Amino acid sequence: MTGLNPYLTFPGNCEEAFNYYQKVFGGEFIYVGRFGEMPPQEGAPELSAEEKQKIMHISLPLYGGALMGSDAGGDWGKHAVIGNNISLSINVPSAAEADRIHAALSDGGMVTMPMAKTFWGDYFGMCTDSFGINWMISFNENPQG
């Protein structure tokens, strides 16, 4: 989904929450991906069978945008608590714009993931701005809707 969308991070109950949101708002999930579907990552610890079933990314269309979410995992999961579990996900029209926005938002804040090409095809990065707001910046040359 293009534009600005809320991204919710859960401590292991993302699927339950999104099934609830689907009942409330209706619609069909655009995407449901689990941690077990990720390609192997060099240096990443082996996931347990339970962790592999957790939600890596889910997206539900909502009034022209999308409600997106995931379960917290690994070291990042230790830091996801109610209050810091919401990010703003913005999709931009170019890689140059993604770099510009990521650099501007992280100035005085913190880069949590540098801008880089990802296995799902987006040019993607994350940061926390100087006001404590979490951001996810994406560019995809071939968006799927």
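Me: In this predicted model, which residue forms a salt bridge with K52?
Reply: The model is predicted, and side-chain atom pairs count only at pLDDT 80 or more. K52 counts as partly exposed at 32% relative accessibility, whereas its partner is exposed, with a relative accessible area of 67%. The closest N and O atoms are 3.4 Å apart, which is within the 4 Å that defines a salt bridge, and the residue that K52 pairs with is E46.

Me: How many salt bridges does a search of the whole structure find?
Reply: K52 and E46 form one of them, and R100 with E97 forms another. E15 and R34 are also joined in this way. A search of the whole structure gives a total of three.

Me: How many residues apart in sequence are the parts that E15 and R34 tie together?
Reply: The closest N and O atoms of E15 and R34 are 2.8 Å apart. E15 lies in helix 1, residues 14-25, and R34 lies in strand 2, residues 31-34, so the salt bridge ties together parts whose separation in sequence is 19 residues.

Me: Is R34 buried or exposed?
Reply: Its salt-bridge partner E15 has 33% relative accessibility and therefore counts as partly exposed. For R34 the relative accessibility is 17%, and because the cut-off for burial is under 20% relative accessible area, R34 counts as buried.

Me: By about how many helical turns are R100 and E97 separated?
Reply: The closest N and O atoms of this salt bridge are 2.9 Å apart, and both residues count as partly exposed, R100 at 48% relative accessibility and E97 at 24%. The two residues lie three places apart in helix 4, residues 95-106, so their separation is about one helical turn.

Me: Which strands are the edge strands of the open sheet?
Reply: Eight strands form the sheet with mixed pairing, in the order 2-3-4-1-5-8-7-6. An edge strand pairs on one side only, and this holds for strand 2 and strand 6.

Me: In which sense do strand 5 and strand 8 pair?
Reply: Strand 5, residues 86-91, is joined to strand 1 by six bridges, and those two strands run antiparallel. Strand 8, residues 134-139, is likewise joined to strand 7 by six bridges in an antiparallel arrangement. Between strand 5 and strand 8 there are five bridges, S87 having N134 as its bridge partner, and here the sense of the pairing is parallel.

Me: Which residue takes a positive phi in the hairpin of strand 6 and strand 7?
Reply: Strand 6, residues 110-117, and strand 7, residues 123-128, run antiparallel and are joined by five bridges, with M110 and T128 as bridge partners. There are five residues between the strands of this hairpin. The residue whose phi is positive, near 105°, is G121.

Me: At about what angle does helix 4 run to strand 7?
Reply: Helix 4 lies across strand 6, strand 7 and strand 8. The elements that give two or more residues to the largest nonpolar core are helix 4, strand 7 and strand 8. The direction of helix 4 relative to strand 7 is about 10°.

Me: How many residues does the largest nonpolar core have?
Reply: Its members include V92, A98, L105, C127 and W135, and C127 is also the bridge partner of W135 in strand 8. M115 belongs to this core too, and its contacts, not counting residues up to four places away in sequence, include A98, Y123 and I137. Another core, of nine residues, lies apart from it and has F10, A17, I58 and L67 among its members, while the residue count of the largest core is ten.

Me: How is the aromatic pair of F119 and W120 classed?
Reply: The structure holds five aromatic pairs, and a pair of aromatic rings is described by the distance of the centres and the angle of the planes. F119 and W120 are both partly exposed, with relative accessible areas of 41% and 43% respectively. Their rings are 5.2 Å apart centre to centre with 90° between the planes, and because an angle over 60 degrees sets the class, the pair is edge-to-face.

Notes
Residues numbered from 1 in each chain as written. Predicted model: local features only at pLDDT ≥ 70, side-chain atom pairs only at ≥ 80, totals over all residues. Heavy atoms only, no water. Salt bridge = Lys/Arg side-chain N within 4 Å of Asp/Glu carboxyl O. Helix = DSSP H or I, 4+ residues; strand = E, 2+ residues; numbered from the N terminus. Buried < 20%, exposed > 50% of the residue type's maximum accessible area, 1.4 Å probe, protein only. Pairing = 2+ DSSP bridges. Contact = heavy atoms within 4.5 Å. Axes fitted to C-alpha atoms, helices over the stretch in contact; angles between N-to-C directions. Core = buried A, V, L, I, M, F, W, Y, C linked by side-chain atoms within 4.5 Å. Phe/Tyr/Trp six-rings, centres within 6.5 Å; stacked < 30°, edge-to-face > 60°.
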